[in-house]
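Here is a friendly walk through one protein model, from its sheet to its helices and a few individual residues. Please keep the sequence and the 3D view open as you read.

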Amino acid sequence: MRTHIVWDWNGTLYHDTEAVLAASNAAFAELGHAPLTLERYRELYEVPVPRFYQRVLGYQPSGAQWERLDAVFQEHYSRLRGGCGLTEGATELLAAWAAEDGTQSLLSMYEHERLLPVVHGFGIQRHFLRVDGRRGPSHGQKAASLVRHLAALGPEVSPARTVLIGDAADDALAAREAGAHAVLYTGGSQARARLEPVGVPVVDTLAEAVGLARELAGSDARTGPSAGHLG
């Protein structure tokens, strides 16, 4: 059985962290909060997003406030993402993995109907067995989405031979829930200091992540999955 990579989108394959920061700051400004620096954003960010907002604001936004924050964020992000591109080397890595006969898919918490045209715009959809965006509330977690995603890929994709490459601790927790491996990339939403305590490999480039994915899943095939492993 071949090694399968599940790619995260925002902050991983898609280099949009600055756009996300600007859109987040626009949302915070609605409640009179000063803007965050990128460093501070990466220190505070977590999933689910309402918990992140609570850490920034110092209180839990009401339902109406949350709806307003989300609407402002989406409005600004939709405008700013036009200036974003794929992470350096991503196109070549996707093509190389496919050429090695490895399989890959894309799972994002970005709204599904908005995700698809962006992915198609970069011409990379041919590399993926499946592309899934978020179909539920914007404040959900990734674990349930990953379990559904892997189930939809069918029996040819084994969770034990699957590596999720993402940029947030929540990606590693989702992988654990699904019985898969994880590698976390430092170029996205969370600082290395927030990623390392999760207990999975942390890398500075996507090329390193792919190399580790190859080793992790290959090792698991030889020794069998360990109970409760993160990666």
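Helices (H or I, at least four residues) and strands (E, at least two) are DSSP runs, numbered from the N terminus. With that in hand, Thr 186 can be placed in the loop between β7 and α9. The model is predicted, so to speak of local features a pLDDT of at least 70 is needed, while side-chain atom pairs count only at pLDDT 80 or more and totals for chains, interfaces and linings use all residues. Residues are numbered from 1 along each chain as its sequence is written, and side-chain values use heavy atoms, with hydrogens and water left out.

**Confidence**

pLDDT is the predictor's confidence in each residue, from 0 to 100. Its mean for the protein is 91, and 91% of the residues reach 70 or more. Residues 221–231 stay under 50; contact means heavy atoms within 4.5 Å, and for this stretch the model has 22 contacts beyond four places in sequence. Where pLDDT is low, the predicted coordinates should not be read in detail.

**The sheet**

Two strands are said to pair if DSSP finds at least two bridges between them. On that basis, 6 strands form an open sheet with parallel pairing, in the order β5-β4-β1-β6-β7-β8. Its edge strands are β5 (131–134) and β8 (202–203), each of which pairs on one side only.

Three of the pairings are set out here.

| Strand pair | Bridges | Sense |
|---|---|---|
| β1 (residues 4–7) and β4 (residues 103–111) | 4 bridges | parallel |
| β1 and β6 (residues 162–166) | 4 bridges | parallel |
| β4 and β5 | 3 bridges | parallel |

Which residues stand opposite Ile 5 in β4 and in β6? In β4 the partner is Gln 104, and in β6 it is Val 163. Between β4 and β5, Leu 106 stands opposite Val 131.

In a regular strand the side chains alternate between the two faces of the sheet. In β1, His 4 and Val 6 point one way and Ile 5 and Trp 7 the other. All of these residues are buried, where buried means under 20% relative accessible area, exposed over 50%, and partly exposed in between (1.4 Å probe, protein chains only).

**Helices around the sheet**

For the angles that follow, axes are lines fitted to C-alpha atoms, for helices over the stretch in contact, and angles run from 0 to 180 degrees between N-to-C directions. Helix α5 (residues 90–99) lies across β1 and β4, at about 140° to β4. Helix α6 (residues 112–121) lies across β4 and β5, and its angle to β4 is about 130°.

Helix α8 (residues 169–178) is mostly covered, with 7 of its 10 residues buried. Among the buried ones are Asp 170 and Asp 171, along with Ala 172 and Ala 178. The cover over the buried residues of α8 includes α7 (142–153), β6, β7 (181–185) and α9 (192–195). Just after α8 comes Gly 179, with a positive phi of about 80°.

**A helix pair**

How do α1 and α4 cross, and what is at their contact? The axes of α1 (residues 17–29) and α4 (residues 63–80) come within 8 Å and cross at roughly 145°. Residues in this contact include Ala 19, Ala 23 and Phe 28 of α1, and Leu 69, Phe 73 and Tyr 77 of α4. The residues of this contact divide into 12 nonpolar, 2 polar and no charged. Here Ala, Val, Leu, Ile, Met, Phe, Trp, Tyr, Cys and Pro count as nonpolar, Asp, Glu, Lys and Arg as charged, and the others, Gly among them, as polar.

**Some single residues**

Is Thr 186 buried or exposed? Thr 186 is buried, with a relative accessible area of 16%. Leaving aside neighbours within four places in sequence, its contacts include Arg 42, Arg 192 and Leu 195.

Arg 192 belongs to helix α9 and is partly exposed, at a relative accessible area of 30%. Arg 192 and Glu 43 are 149 residues apart in sequence but 9.1 Å apart in space, C-alpha to C-alpha.

Two backbone details round off the tour. The peptide bond from Val 47 to Pro 48 is cis, with omega near 5°, and Pro 48 lies in the loop between α2 (38–44) and α3 (49–57). Asp 101, although not a glycine, has a positive phi of about 75°. Asp 101 sits in the loop between α5 and β4 and is partly exposed, with a relative accessible area of 45%.
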